[in-house]
Structure formats: C-alpha cells, structure tokens
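The exercises below ask you to read a protein model step by step. Try each task with the structure in view before you turn to its solution.

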Amino acid sequence: MAELISALQTPHALITLSVLGLAVILFVTGALAPELTGLLSLGLLLASGVLTPREALAGFGSPALITLIGLFPVSAALFKSGALDRLRSLIASEQIRSPRRLIALMAFVIAPVSGVVPNTPVVASLLPVIENWCHRHDISPSRVLLPLSFSTVLGGTLTLLGSSVNLLISDISQQLGYGPFELFSFTLIGLPVWLVGALYLVMAPRILLPDRGHDLDDLNLSSQRSGYCTEVTIPSDSELVGRSLLNSRLQRRFDVDVLELQRGSERLLPPLADRLLEAGDHLILRVTRADLLRLQQDQTVHLTTQKQKPGSSLDPGQGSGQKTIEALLPAGSTLAGASLRELRFRQRHNATVLALRRGQETVQERLGQVVLRGGDVLLLQAPLDSIRGLQSSNDLLVLDRLEDDLPTVGRKPVMVSITVLMLILPTITPMPLVAAVLLAMVSVVATGCLNLGELQRSIRLDVFLLLGSLTSFSVALQATGLADALASSVQQWIDGWPTYNALVVIFIGTTLLTQIMSNAASVALLAPVAVQLAPALGLSPSALLITVLFGTSQSFLTPVGYQTNLMVFGPGRYCFLDVTRYGLGLTLIMTTLVPTLILWHYS
C-alpha cells in the first residue's frame, strides 16, 4: 500500500487513476458506447500529457489489430461462400433428434469453428436454423440456445484468431516487452478447457435448462407465437368503429392478444372483449411475425409506426423494394436507453420499426415510447440499401439472411483453400501471421469471394476503435508506475499463498469483472498489473497474461457477460438467473481447471 500511496504523489498518476475510474464507470453503466469510452480516455491521457501521441496511438498500428481487421473479411467470405453451411445441414439432419445430441454437435463440432471464425457471426448464422429445429421437434429453444453460446465461447480460446480479446492480449504482451503470442500459443491450454467444457454441456442435468417455450397460460405461448408487441390505430373509416373486440374481424381473422387500449389520455387494460371501439383508439397488440405481416395489408387498422398514404400497399414484398427483417440490439449499442421517438429512428436509419420482442417481458407501452434495452429484437421494414447500412452498423445486428447474401457455392473450394493457407503458412514458414491474414483478405476479393463493398462493410469499426484505444490504458499504467504499485499491494495481500491459490484469485477477479464491463476493457485494466506478479509467483509473465485472458473469455454467469449470451437471451426467452444457474457449474470447473493447466504448462 505504501508503494501505491507513493505513486499517487505524482500528478500523472493521479490523472491516470481518475481517467481509469471514469472509464470503469462508463463501461459499467453503458452511458457511452464502449468505443467512445475508449476514445474519451485516450483523448484525456493525451490532453493531460500523461502519454505522448506516439505512445497513445501505437495501438492503432499494432500487428494484432491489423490482423483482426483482416480477419473480418475472411470470416465474411467464409459465410458467403457457403463453406460453413455443412454445419447448418448437420443440425437439420435426421440424425439429430434430441436436445442432447444437438448440444453434443454444438459442443464438439461447432465450438472448434470459433477458434478461427469470430463467434458472433457463427451464432447469428446458426440461430434461425436451431430455432427451426426446435419448432420441427416441438422442443423449447431454451433447452439448446445457451449451450450454443457457451460452445462458441469455449472454442474462442483455441487459437489466437478465435477472439478479438486474444489479439488484444497479444498486443499488450508485445507492448509490455514480452513479445506477441503465436497462432497456437495457448492451444495446449485451450484444448483441455474446450473438451472439459464440452463434456459439461453434454452431461449437465436437464433441469438446469428451463423449458420456456410451452407455457400456454401466459402470453409467451410457444415458438409459433413468439411475442412481438406492436401498436395499431383504428382509422375513422374502419369497420371496427362501434364494434366490440369480441365481435370484430380483428379477433376472428388474426391471432392477436390485445394488451391495452389507449383512448386519449385514458389507458384501458383487459378484459376488453366487450368494450366498443372508437376512431382514433390505439391498441397495443401481441402478435406473431406472420400475422403482423398480414395485419399490415389489412385496411381495418393502421400500424401506428407507418405513415399511411391513401391507396398505398403495405405489402413489404411488392414493388416497393422493402424488406422485413429482424435485428438484435447488442450490448453496448448506443441506441439502448432511449426511445424510438427520441432516437428519430425512422429518419436516422430509413427503417420502420414494426414491432418489438423483449425476452419474456410483455411491453405495454406505445411503440415510440418504449425505452430500448440490450437484447431487444426489432422487426424492421426498410429498403435493401438501408438494410445494408444496418448490417455495417454497430448498433444493430441483422439476424435475417438476405437473398443477396446466399452462398456463392462455386467459391467454396477457393475460400476453404485461402483459409487453410492463412493458418498453415505462419506455422510452417517465417511469415508473420499479420502478413498471411492480409494476403488472405486481398485474395477473397481477387477471387470474387467478396466484392470491395462487402469487404468494407465486413470490417467492424467499433472493434477497431475500442481495441486501438484500450492499449493506451496499459501504457499509462506502466509509464506512471501505477501497475507496479498496484501489483505490489496485491503481492503483499497474497504473500505466502500457494501459487495455485493466487492464480485462482486472479482468474475469479477477472471473471467477475467481465460480468459488468466488456472483456476487452477488463484485459486492458488487469493485464499490466497481473504481469508484475509473475516474479513473486515464480511464473513467466505469459502465464499471468493467459490467466487474465481465460478469466475474461470464460464468461458464463450473466447475459451481458458476453455478446453471444445476449444474442440467445431473447430468442430463448430466458430469465437473468437462467444463465447464472446453467453457467455457475461451468465457471467453477474453469476456476479449478485453468490455474491447474497454467501451472502444468508454465512451471
């Protein structure tokens, strides 16, 4: 503690600690998007003179970050070429008839794919296939979707390319003077972690995964009646005026639940069957996607979210070039925390929100006034060009595959060859990994697997800005002596502990921190401190860096702990504690296993 107090005597250390404290608050609260928080911190460290421009901006030109930028187009080309469609056909095969078999397929076959391909597009691609499988076998999606997310998380630490955080830890290692990690630097640890985790997923008691899809007593009726909430208005010339809901064409023709009737400032709740309807009434409905699209064409009500023109057709597929798609609001989206009206969503994205789905929760507000949250699924109608813009946006994740995105099967052998060469060449030749990835990126365009526009859309600018700015944390902690001082304080606390126990504490600390802030931010904050403990523990700095990496990567306790957890949270209709209950056992196993493997490999 004396070292920490001494370090804080310098102005630069106080400024750095204040900036880090502000960044942690912003990361936890989500008041700013993560990449904006990173850039704000970078700007403050530069403006205050803590870092020079060369030191602060070095992360944006690091080989690890350039490798990641090149990996995005390669992954996009893999999906577009249909190289991964074999996984989709395996899921749909007659051999996969039970949830346990499907979980085994995900754990042992799909998980390794995440060692090379980012897990977010893997989950996005397979999510509708698995939902269709659940519908066909009359099984609740909640029985299998969490294992899908956990499988891809387990596979993400098999190679350096499995996750952006893997590349970030490699970059931090190089900046701290310990050299970058190689492609298979932590594969010997990642393999047992994957295999043990996969066994847990297959053998975990069925009771840990709730059945959320067949409760006919509430509004979440089944996968065939997934809960979209929308708002309609009764026009003055509607045949519903003067009729009750019970005798109306609305109830007879469409499978809807009327959740609320709003008449001026008056809000009327069920039972509403016998209440007479008036012109201008607003109805909050719960409706299936299919019935909502039929409802668009019905002239007895108007979707409040759409501007009506006399004689216009609301059919999304006829003549107007409009498409209807689902889009997920991911963690860290700048749209979260505001309503559609405040965001001016239609003007901003040239897209109309038809309806909203929010896990198990029933939304009983007018659609324009609903405050968006991470995990919400929006049903959107927009021109194709606008949807393309949404695909490249960091605020929404488009879940539907468009016709132009269908596989170009003729390019599949070419794309597989490019990917294999990208992985093999750095392993058997002196070629750096970044060179192999950049050559692969150019090759996917030259061979027609992607066009130039698709390549540009595939690159995630938010990830580039976040990871490039976060490396400044590590440099500032080292330059001001805070990393040494914090490590010294921790070392005094764990003095005399067995090395294994100290590694367990580091692993648990990073795991818990990742549940409330992004794993990239956790790595940037903890890695410089952890490496200073290496001499006292008798381990190499790489051992401590990999402990931090696995602690931030094995995130199984909350929906917001990892992006893929949030992606399956809504479609699986999970509750918050469902994730904790299912992931707690796996977290305890990893807390025991990872430190053991670290000691075995680095002692």
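**Exercise 1.** Find out what share of the contacts between residues at least 6 apart in sequence join residues at least 24 apart, and describe the overall make-up of the protein.

*Solution.* Among the contacts in this predicted model between residues at least 6 apart in sequence, 78% join residues at least 24 apart. The next step is to list the elements, and here the protein has 27 helices and nine strands. Turning then to burial, we find that 55% of the 603 residues count as buried. Finally, the accessible surface of the protein comes to about 24200 Å², and 60% of this belongs to carbon and sulfur atoms.

**Exercise 2.** Decide how strand E8 is placed, and name the strands that pair with E8.

*Solution.* Begin with the strand itself, which covers residues 377-383: because six of its seven residues are buried, E8 is largely enclosed by the rest of the structure. Next, look for its partners. Strand E6, made up of residues 322-328, pairs with E8 in the antiparallel sense over seven bridges, while strand E7, made up of residues 352-357, also runs antiparallel to E8 and is joined to it by five bridges. As a last step, follow a single residue of E8, namely Val-377, which is the bridge partner of Leu-328 and which also has Arg-357 standing opposite.

**Exercise 3.** Classify Cys-134 and Cys-575 as buried, partly exposed or exposed, and state how many disulfides the structure holds.

*Solution.* The cut-offs needed are that buried means under 20% relative accessible area and exposed means over 50%, with partly exposed in between. Cys-134 has a relative accessibility of 1%, and therefore counts as buried. Cys-575 has a relative accessible area of 31%, so this residue is partly exposed. As for disulfides, the structure holds zero of them.

**Exercise 4.** Work out where the predictor's confidence is high and where it is low.

*Solution.* Start from the whole protein, which averages a pLDDT of 80, with 87% of the residues scoring at least 70. Then compare the elements: helix H11 (residues 187-203) has the highest mean pLDDT, at 94, whereas helix H12 (residues 249-253) has the lowest, at 62. Lastly, examine two stretches in which pLDDT stays under 50, namely residues 214-225, for which the model has 27 contacts beyond four places in sequence, and residues 308-319, for which it has 16 such contacts.

Conventions
Residues numbered from 1 in each chain as written. Predicted model: local features only at pLDDT ≥ 70, side-chain atom pairs only at ≥ 80, totals over all residues. Heavy atoms only, no water. Disulfide = S-S within 2.5 Å. Buried < 20%, exposed > 50% of the residue type's maximum accessible area, 1.4 Å probe, protein only. Helix = DSSP H or I, 4+ residues; strand = E, 2+ residues; numbered from the N terminus. Pairing = 2+ DSSP bridges. pLDDT = per-residue confidence, 0-100. Contact = heavy atoms within 4.5 Å. Areas by Shrake-Rupley, 256 points an atom, 1.4 Å probe, with all protein chains shown as cover.
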